[in-house]
Amino acid sequence: MRHVLEHVTNPFSFLSEVFSGNNMQGKIYIEVPCFEWIIKHKAWFDIYYEHVNYFRISDFYRIFGRIYESGHLFGGQYLYVVADLSTLRPPIMESKEIISFPSDFLASIEKWSARIKENNSKRKHTVIWGGASKGIIFCLLMERAGAKIDLIIDINPEKQGKYTPITAKKIFSPDKAMAILQPNTDIFIMNSNYTEEIRAFTENRFNYVEIDYGEN
């Protein structure tokens with residue numbers, strides 16, 4: 001079950017149906033985004049309408065009586081568990097498990113919007129690489145802060161030539177974007193796991209800004 005539970009309104013009810021459908025037995029693999037990574041990296045762009053739930057590994061230890069294995073993937077952004085489905089149980093929340101958002105959770109909005117506004121004033125392009133949910137939310141909050149994004153790049157041909165919701169930014173293929181962008185353009189990378197791949201593809205001709213780990 002990879003990247004399913006975060007989209008389900010009631011994950012325990014959903015797991016209960018899986019439990020019943022498998023005759024109350026078997027092992028289950030679950031992979032979801034890691035909420036603790038989001039908090040640690042102040043990744044406000046990872047909180048969006050498509051995800052109605054956010055999980056920590058400790059949450060699954062409350063949902064299952066037996067977990068065989070657990071850990072993190074994709075640079076810590078995802079977590080996984082392998083659990084005994086027969087030990088599914090209603091989770092009980094403990095007060096010590098309550099998470100508070102850092103007071104500066106949204107601080108980078110001001111930081112990045114200031115940089116983009118400076119680009120706008122110099123008529124210098126600002127680009128987002130990644131037209132999925134992170135890019136949509138990043139673009140939306142930048143524009144709400146008065147910072148204009150010029151275009152979005154995505155490798156998915158199903159998105160290319162179309163426009164983002166609300167902000168109506170055109171999504172370009174990497175090849176078409178490279179043909180119009182000036183050297184040293186700021187490219188905001190929505191997931192730093194792809195930075196080296198993007199650098200190689202663009203022959204290191206631009207300024208690469210990693211929104212989850214700082215900037216290069």
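The exercises below work through a predicted model of one chain, each with a solution in steps.

**Exercise 1. The chain as a whole**

Task: State how many helices and strands the chain has, and how its confidence is distributed.

Solution.
- Step 1. The count is seven helices and eight strands.
- Step 2. The mean pLDDT over the chain is 94, and 98% of the residues reach at least 70.
- Step 3. Confidence is lowest in helix 6 (residues 174–180), with a mean of 93. It is highest in strand 3 (residues 78–84), at 98.

**Exercise 2. Extent, burial and contacts**

Task: Give the spans of the C-alpha trace, the share of buried residues and the share of contacts between residues 24 or more positions apart.

Solution.
- Step 1. Along the principal axes, the C-alpha trace covers about 60 × 35 × 30 Å.
- Step 2. Of the 216 residues in the chain, 47% are buried.
- Step 3. Among contacts with a separation of 6 or more, 62% join residues 24 or more positions apart.
- Step 4. The accessible surface is about 11300 Å², and carbon and sulfur atoms hold 52% of that surface.

**Exercise 3. The length and faces of helix 4**

Task: Check the end-to-end span of helix 4 (residues 107–121) against 1.5 Å a residue, then find which residues are buried and which exposed residues the face turned away from them carries.

Solution.
- Step 1. With 15 residues at 1.5 Å a residue, helix 4 should span 21 Å. The C-alpha atoms at its ends are 22 Å apart, which agrees.
- Step 2. The buried residues of helix 4 are Ser108, Ile109, Trp112, Ser113, Ile116 and Asn119.
- Step 3. Viewed down the helix axis, these buried residues fall within an arc of 125 degrees, so they line one face of helix 4.
- Step 4. An α-helix has 3.6 residues a turn, so residues three or four places apart point the same way.
- Step 5. Glu110 and Ser121 are the exposed residues on the face turned away from the buried side of helix 4.
- Step 6. The buried residues of helix 4 pack against strand 4 (126–129), helix 5 (133–144), strand 7 (186–189) and strand 8 (207–210).

**Exercise 4. The enclosure of helix 5**

Task: Test the span of helix 5 against 1.5 Å a residue, and explain why helix 5 is described as largely enclosed.

Solution.
- Step 1. The twelve residues of helix 5 should span 16 Å, and its end C-alpha atoms are 16 Å apart, which agrees.
- Step 2. Nine of these twelve residues are buried, so helix 5 is largely enclosed by the rest of the structure.
- Step 3. The buried residues of helix 5 are Ser133, Lys134, Gly135, Ile136, Ile137, Phe138, Cys139, Leu140 and Met142.
- Step 4. Their cover includes helix 4, strand 4, strand 5 (151–153) and strand 7.
- Step 5. Just after helix 5 comes Gly146, with a positive phi of about 90 degrees.

**Exercise 5. Positive phi outside glycine**

Task: For Arg123 and Ala168, give the phi angle, then place each residue and classify its accessibility.

Solution.
- Step 1. Arg123 is not a glycine, yet its phi is positive, at about 55 degrees.
- Step 2. Arg123 follows helix 4 and sits in the loop between helix 4 and strand 4.
- Step 3. The relative accessible area of Arg123 is 81%; the cut-off for exposed is over 50%, so Arg123 is exposed.
- Step 4. Ala168 also has a positive phi of about 55 degrees without being a glycine. Its place is the loop between strand 5 and strand 6 (171–172).
- Step 5. The relative accessibility of Ala168 is 49%, and Ala168 counts as partly exposed.

**Exercise 6. Two side chains with polar contacts**

Task: Describe the surroundings of Tyr29 and Ser192, including the polar contact of each side chain.

Solution.
- Step 1. Tyr29 belongs to strand 1 (residues 27–33) and is partly exposed, with a relative accessible area of 30%.
- Step 2. Apart from neighbours within four places in sequence, Tyr29 is in contact with Met1, Arg2, Leu73, Tyr80, Val81 and Val82.
- Step 3. The Tyr29 side chain makes a polar contact with the side chain of Glu31 (2.7 Å).
- Step 4. Ser192 lies in the loop between strand 7 and helix 7 (195–201). Ser192 counts as buried, at 13% relative accessibility.
- Step 5. The side chains of Ser192 and Asp212 make a polar contact (3.0 Å).

How values were computed:
Residues numbered from 1 in each chain as written. Predicted model: local features only at pLDDT ≥ 70, side-chain atom pairs only at ≥ 80, totals over all residues. Heavy atoms only, no water. Helix = DSSP H or I, 4+ residues; strand = E, 2+ residues; numbered from the N terminus. Expected span 1.5 Å × (residues − 1). Buried < 20%, exposed > 50% of the residue type's maximum accessible area, 1.4 Å probe, protein only. Arc of directions from axis to C-beta. Contact = heavy atoms within 4.5 Å. pLDDT = per-residue confidence, 0-100. Areas by Shrake-Rupley, 256 points an atom, 1.4 Å probe, with all protein chains shown as cover. Polar contact = N/O pair within 3.5 Å; in protein donor to acceptor, adjacent residues only side chain to side chain.
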